[in-house]
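Visitor: I'm new to this. Could you show me how to read a structure with a ligand in it?

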Amino acid sequence: MRIDAQPFAYEFEIAHTALVLIDMQRDFIEPGGFGETLGNDVSLLEAIVPATRRTLQAWRRAGGLVVHTREAHRPDLADCPPAKRNRGNPRLRIGDAGPMGRILVAGEPGSQIIDALAPIEGELVIDKPGKGAFYATALHETLQQRGITHLLFGGVTTEVCVQTSMREANDRGYEGLLLEDCTESYFPAFKTAALEMIRAQGAIVGWTAPSAALRAALGND
Ligand code: C5J
């Protein structure tokens with residue numbers, strides 16, 4: 001299959017490709033979670049939900065593997081370095097009790113994937129303690145076991161967890177493409193810059209394309 005992408009066409013086979021949705025969890029997208037405690041306007045991120053849902057549904061119909069990640073720490077915070085917990089001056093820190101339970105802690109309401117994109121049976125859900133999806137997780141081994149070589153990325157935030165995960169994937173030999181309207185930042189200028197960085201220099205990190213280009217290739221929208 002071939003997608004019109006930047007900086008040039010992206011080719012993939014569904015059987016060897018996974019859709020990876022990064023951290024589409026309540027803590028980032030809904031008021032009262034981690035994103036808002038850092039002082040961000042979370043409504044910006046909600047805007048990508050319809051396109052992401054439509055793309056997820058098309059990918060499911062095509063029979064492709066889906067991976068959902070969540071930035072979530074163990075309840076005892078043993079996997080949260082003090083440098084991460086103590087940095088800055090947020091209203092609530094990781095592990096503190098907020099309106100959606102303990103901030104960025106696995107199993108709390110805030111760590112759940114939003115209802116519109118909730119995982120279904122057979123999809124992988126990876127809790128990650130870092131920004132990158134490959135750090136301190138079994139994601140690489142799991143993808144290798146399934147013969148996955150290509151990754152289609154969406155999720156939040158573009159320049160933090162999404163870009164970090166794409167760079168980690170690139171270093172591990174995956175061919176990655178970021179779905180432009182299925183990712184967002186609290187800072188629109190950072191999203192624009194991240195997309196440009198990813199595809200610059202002949203796709204130095206990977207490709208970018210609108211999700212409609214993927215759905216057109218799948219032909220099942
Ligand atoms: C952040 C993320 N922004 N999922 N996490 O802290 O991008």
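Visitor: Which residues surround the ligand?

Guide: A residue is near a molecule if one of its heavy atoms lies within 4 Å of it. Here the ligand is surrounded by Asp23, Phe28, Phe34, Glu71, Lys131, Val156, Thr157, Val160 and Cys161. This is a predicted model, where local features need pLDDT of at least 70, side-chain atom pairs count only at pLDDT 80 or more, and totals for chains, interfaces and linings use all residues. Residues are numbered from 1 along each chain as its sequence is written, and side-chain values use heavy atoms, with hydrogens and water left out.

Visitor: How does that shell divide into nonpolar, polar and charged residues?

Guide: Ala, Val, Leu, Ile, Met, Phe, Trp, Tyr, Cys and Pro count as nonpolar, Asp, Glu, Lys and Arg as charged, and the others, Gly among them, as polar. The shell around the ligand has 5 nonpolar residues, 1 polar and 3 charged.

Visitor: Which polar atoms lie close to the ligand's own atoms?

Guide: Look for polar contacts, meaning pairs of N or O atoms within 3.5 Å. Glu71 has a polar side-chain atom 3.0 Å from a ligand nitrogen, and Lys131 has one 2.9 Å from a ligand oxygen. With Thr157, a polar backbone atom is 2.9 Å from an oxygen of the ligand.

Visitor: How much of the ligand does the protein bury?

Guide: Accessible areas come from the Shrake-Rupley method with a 1.4 Å probe. On its own the ligand exposes 230 Å², and the protein buries 93% of that.

Visitor: Thr157 came up in the contacts. Where in the chain does Thr157 lie?

Guide: Helices (H or I, at least four residues) and strands (E, at least two) are DSSP runs, numbered from the N terminus. Thr157 is in the loop between β8 (150–156) and α7 (158–171). A cis peptide bond joins Val156 to Thr157, with omega about -15°. Another cis bond links Gln6 and Pro7, with omega about 5°.

Visitor: And how many helices and strands does the chain have?

Guide: The chain has 9 helices and 10 strands. Its C-alpha trace spans about 45 × 35 × 30 Å along the principal axes.

Conventions
A polar contact is a pair of N or O atoms within 3.5 Å; within protein, one must be able to donate a hydrogen and the other to accept it, and residues adjacent in sequence count only if both atoms are side-chain atoms.
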